[in-house]
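Work through the exercises below with the sequence and the structure in view. Each task is followed by a solution in steps.

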Amino acid sequence: RTLERRAELAISGIHRHFLADVCHTVLGVESLILSSHGAGPGASAVKPSFCDDFGERLLLGSWALAGAEQDGVCHRALDANCKSRLPIRVVRVVGGANPARSGGSASSAPAARRFRYDGVYVVLRR
């Protein structure tokens with residue numbers, strides 16, 4: 001399932017937070033948004049260098065978030081998922097820049113990034 005806006009993710013209940021890429025509560029991480037794109041508009045807080053994405057398996061090394069305090073909060077939330085076996089919903093950002101087209105019209109603008117719901121993942125400690 002592919003959605004065009006974060007608001008659609010929230011309305012559908014896939015990812016409740018409009019701004020953050022990691023949605024967590026005291027019970028653990030509910031969902032996270034991953035992007036293979038670098039920094040820029042729509043880029044994920046969970047950067048590719050901190051997440052090895054093997055499709056059906058994700059290896060999270062660390063969170064590339066604003067501060068160490070937020071990093072610790074996310075790790076504690078993941079620990080809760082690990083202990084309770086509560087799965088995490090994973091959304092990937094797909095799309096990106098199109099090759100330049102001739103004509104200089106609106107069709108030469110980069111393609112919109114979309115959000116693809118990829119299902120639930122179980123957290124295991126390595």
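## Exercise 1: A residue in a loop

Val26 sits in the loop that joins strand S2 (22-25) to strand S3 (28-35). Helices (H or I, at least four residues) and strands (E, at least two) are DSSP runs, numbered from the N terminus. The model is a predicted one, in which local features need pLDDT of at least 70, side-chain atom pairs count only at pLDDT 80 or more, and totals for chains, interfaces and linings use all residues. Residues are numbered from 1 along each chain as its sequence is written, and side-chain values use heavy atoms, with hydrogens and water left out.

Task: State whether Val26 is buried or exposed, and name the residues that make a nonpolar surface patch with Val26.

Solution.
- Step 1. Apply the cut-offs: buried means under 20% relative accessible area, exposed over 50%, and partly exposed in between (1.4 Å probe, protein chains only).
- Step 2. Val26 has a relative accessible area of 82%, so this residue is exposed.
- Step 3. Val26, Leu27 and Leu86 make a nonpolar patch of about 340 Å² on the surface. Patches are made of residues with over 30% relative accessible area and no salt bridge; like charges are joined within 9 Å, nonpolar side chains (Val, Leu, Ile, Met, Phe, Trp, Tyr) within 5 Å.

## Exercise 2: The chain and its cores

Task: Describe the order of helices and strands in the protein chain, then find which elements each supply at least two residues of the largest nonpolar core.

Solution.
- Step 1. The protein chain has 2 helices and 7 strands, in the order β-α-β-β-β-β-α-β-β along the sequence.
- Step 2. Of the 126 residues in the protein chain, 32% are buried.
- Step 3. A nonpolar core is a set of buried Ala, Val, Leu, Ile, Met, Phe, Trp, Tyr and Cys residues joined through side-chain atoms within 4.5 Å. The largest one has 12 residues: Val22, Val29, Leu32, Leu34, Leu58, Cys74, Ala77, Leu78, Ile88, Val90, Tyr121 and Val123.
- Step 4. At least two residues of this core come from each of S3, helix H2 (68-84) and strand S6 (88-94).
- Step 5. Another core, of 7 residues, lies apart from it and includes Leu9, Ile14, Ile33 and Val93.

## Exercise 3: Ser31 and Thr25

Task: Determine what the side chain of Ser31 contacts, and how far Thr25 is from Ala77 in space.

Solution.
- Step 1. Ser31 belongs to strand S3 and is buried, because its relative accessibility is 0%.
- Step 2. A polar contact of 2.5 Å joins the side chains of Ser31 and His15. Such a contact is a pair of N or O atoms within 3.5 Å; within protein, one must be able to donate a hydrogen and the other to accept it, and residues adjacent in sequence count only if both atoms are side-chain atoms.
- Step 3. Contact in general means heavy atoms within 4.5 Å. Leaving aside residues up to four places away in sequence, Ser31 touches Ile14, His15, Asp21, Val22, Cys23, Ile88 and Arg89.
- Step 4. Thr25 is part of strand S2 and is partly exposed at 27% relative accessible area.
- Step 5. From C-alpha to C-alpha, Thr25 and Ala77 are 7.1 Å apart, with their positions 52 residues apart in sequence counted as separation.
- Step 6. The side chain of Thr25 also reaches the backbone nitrogen of Leu27, at 3.1 Å.

## Exercise 4: Salt bridges

Task: Say what parts of the chain the bridge between Arg114 and Glu4 ties together, and which residues form a network with Asp118.

Solution.
- Step 1. A salt bridge is a side-chain nitrogen of Lys or Arg within 4 Å of a carboxyl oxygen of Asp or Glu. The whole structure has 6 of them.
- Step 2. In the bridge between Arg114 and Glu4, the closest N and O atoms are 3.7 Å apart. Arg114 is in strand S7 (residues 114-121) and Glu4 in the loop between strand S1 (2-3) and helix H1 (6-12), so the pair ties together parts 110 residues apart in sequence.
- Step 3. Asp118 bridges to Arg92 at 2.4 Å between the closest N and O atoms. Asp118 lies in S7 and Arg92 in S6, so this pair ties together parts 26 residues apart in sequence.
- Step 4. Asp118 also meets Arg116 in a salt bridge (2.7 Å, N to O). Arg92, Arg116 and Asp118 are thus linked in a network.
- Step 5. Arg92 is buried at 9% relative accessibility, whereas Asp118 is partly exposed at 25%.

Methods: Areas by Shrake-Rupley, 256 points an atom, 1.4 Å probe, with all protein chains shown as cover.
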